[in-house]
Amino acid sequence: MQSAFVQLVKRVLNAVENYKEKSTDRMVADLFLVVPSPDEYPDYYAMIKKPIAIADMQKKNKMGIYTSYADVIADFKLMLENAATYNKKGSQVVKDAKTLMQNAENLLKKELEGTVWDPATHQPQPTSGVPSPTPSTPATPNSARQSATKKPSPDELRNIIKKLTSYKNREGRSICEIFLTLPSATDYPDYYVEIKRPIAVDMIKKKVSQREYTSMNQFESDFTLMFDNAHQFNEEGSIVYEDATELQAVFMHAIGKGPPPNSKPAPTEGRVPLTEAEHNGETFTIGQCVHVKNYVDPSKPIICQITEVYKKKDGKIYLQGAWYLRPENTVHRSSQKFMEFEVFKTTHMEEYHLTDVQDTCFVLFVKDYVRGRPRNLRPGQSVYVCESRYNEQRENMQKIKQWKDSIKIDLEIYTTPIVPKRVKSLFATDEVTPARRKGSEDVDISDSDTPAAPASGTKRRRSVSPKPPPAGASAKKVAAIPGSAKAHSSSSESFIFLFFS
């Protein structure tokens, strides 16, 4: 029969194991239930000389090794020290370890309140008039430990990753995009100085495919590391920092350890959804690509794909569209070349009046672009080619592996596939001669205001943005900040505007 002291410590350890963060309902102790796998984390054992986890404490308690309150707290302090040694200062893992230690102290104090213990027998000797303590948290089966250590299937892990990669915030932006791959070591050398254990979603997916995760704890640990890295490298309040916080909430909910993230869609009261709308003799439907008036540079209309069409209380029809950017609206190396008529897919969404839509256009994935052209292409109608997506926060380009068409485009296939012409960046030293193509409007790929190119290997971007004024605003209310294209900085602000009356 277990002594009263052993039973008391067991109640405390069970309560600590099942402790949940009030604001998120997250199980705080999940990463501390068992020590890391030596095979998965050999560097941990090179740094940590005395590993310990709650499972070890439970075992020590069952064997009667603990003889005092101080012994138990000493092991919680050791667990905190280990977390602080292996993980970055201020990381969530360290915060959680500190929370668990404080929780254990509070629970033990509550259990021991008013009780005198016989050091020889470990039996309680209640003081006069003071009732024996009651458990602060009833002992429950350790289901949390079982689920955390059970080997998950690759499909289970892939489904969790899919929930993150498909998640969109209130503005309709895919916030996981910046976490898909690691930052460029060339563009962000300071990242690899500060972050000692870089990790991204593509690395986690590779480990899933290779069946390297033997427990959900390991899987969660890698994602926690990714979010901690983002919080460490980026300033609090920045876009990336906030995205990491929101995505972590999505992850915790996906693994069943937190409530749904606060990501309800932006209010749509007063909207009447439509499937299509007519303007200037054309019918616009969801999934089509269109040109929208560009009040900053009318010669280069905004290219976007319609994601919503709706009527508001004012009786006017609006649409929401996802941007495609031209090369000159991106940050890139001055020596870089692009396909003629190339654009880049983004997750940036904007709302427009239907009256701001000029006409329809086509954006073809590169594999289709080289094979043919839309069968219903009108004379003068624009056709663009897309091979990559552009990350506005990280300011880089990434090849699209799988293209998803919102609407089926029937192609008239060429006899022989074409090889797209490559043109220089507008920021290159030599000017680019305007080009024409058959079956399309003229697209001027030169720029009379093109600044002198910077030194080879640096990046440049235009200060002129394709963004129009807000829906309903007058065109004279907005102007791009004057000046030539400026050198690349680490700022995540890709588009800058100056509003004046």
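**Figure 1. Crossing of helix 7 and helix 11 in the predicted model.** Helix 7 passes helix 11 with right-handed geometry. Helix 7 covers residues 154-165 and helix 11 covers residues 239-254; their axes come within 10 Å and cross at roughly 150°.

**Figure 2. Side chains and backbone where helix 7 meets helix 11.** Helix 7 contributes Ile160, Lys163 and Leu164. On the side of helix 11, the residues met are Leu247, Val250, Phe251 and Ala254. By class, this contact has 6 nonpolar residues, 1 charged residue and no polar ones.

**Figure 3. The largest pocket.** Its volume is about 1300 Å³. The lining has 34 residues, of which Thr165, Ser174, Arg389, Gln402 and Lys404 are the closest to the pocket centre. Divided by class, the lining of the largest pocket has 13 polar, 11 charged and 10 nonpolar residues. At least two lining residues come from each of helix 7, helix 9 (201-209), strand 9 (302-311), strand 10 (317-325), strand 13 (342-353) and strand 17 (396-399).

**Figure 4. Confidence along the protein chain.** The mean pLDDT of the chain is 76, with 75% of residues at 70 or more. Among the elements, strand 8 (residues 289-292) has the highest mean pLDDT, 96, and strand 21 (residues 478-480) the lowest, 26.

**Figure 5. Two stretches with pLDDT below 50.** Residues 431-465 have pLDDT below 50, and the model gives this stretch 100 contacts beyond near neighbours in sequence. Over residues 467-501 pLDDT also stays under 50, with 77 contacts beyond four places in sequence. Where pLDDT is low, predicted coordinates should not be read in detail.

Key: Residues numbered from 1 in each chain as written. Predicted model: local features only at pLDDT ≥ 70, side-chain atom pairs only at ≥ 80, totals over all residues. Heavy atoms only, no water. pLDDT = per-residue confidence, 0-100. Helix = DSSP H or I, 4+ residues; strand = E, 2+ residues; numbered from the N terminus. Contact = heavy atoms within 4.5 Å. Axes fitted to C-alpha atoms, helices over the stretch in contact; angles between N-to-C directions. Left-handed = near helix turned anticlockwise from the far one by under 90°. Nonpolar A, V, L, I, M, F, W, Y, C, P; charged D, E, K, R; others polar. 1 Å grid on protein atoms, 1.4 Å probe; cavity = no way out; pocket = protein on both sides within 12 Å on 5 of 7 lines; lining within 4 Å. Points joined across faces, edges and corners; volume = space filled by probe spheres on them.
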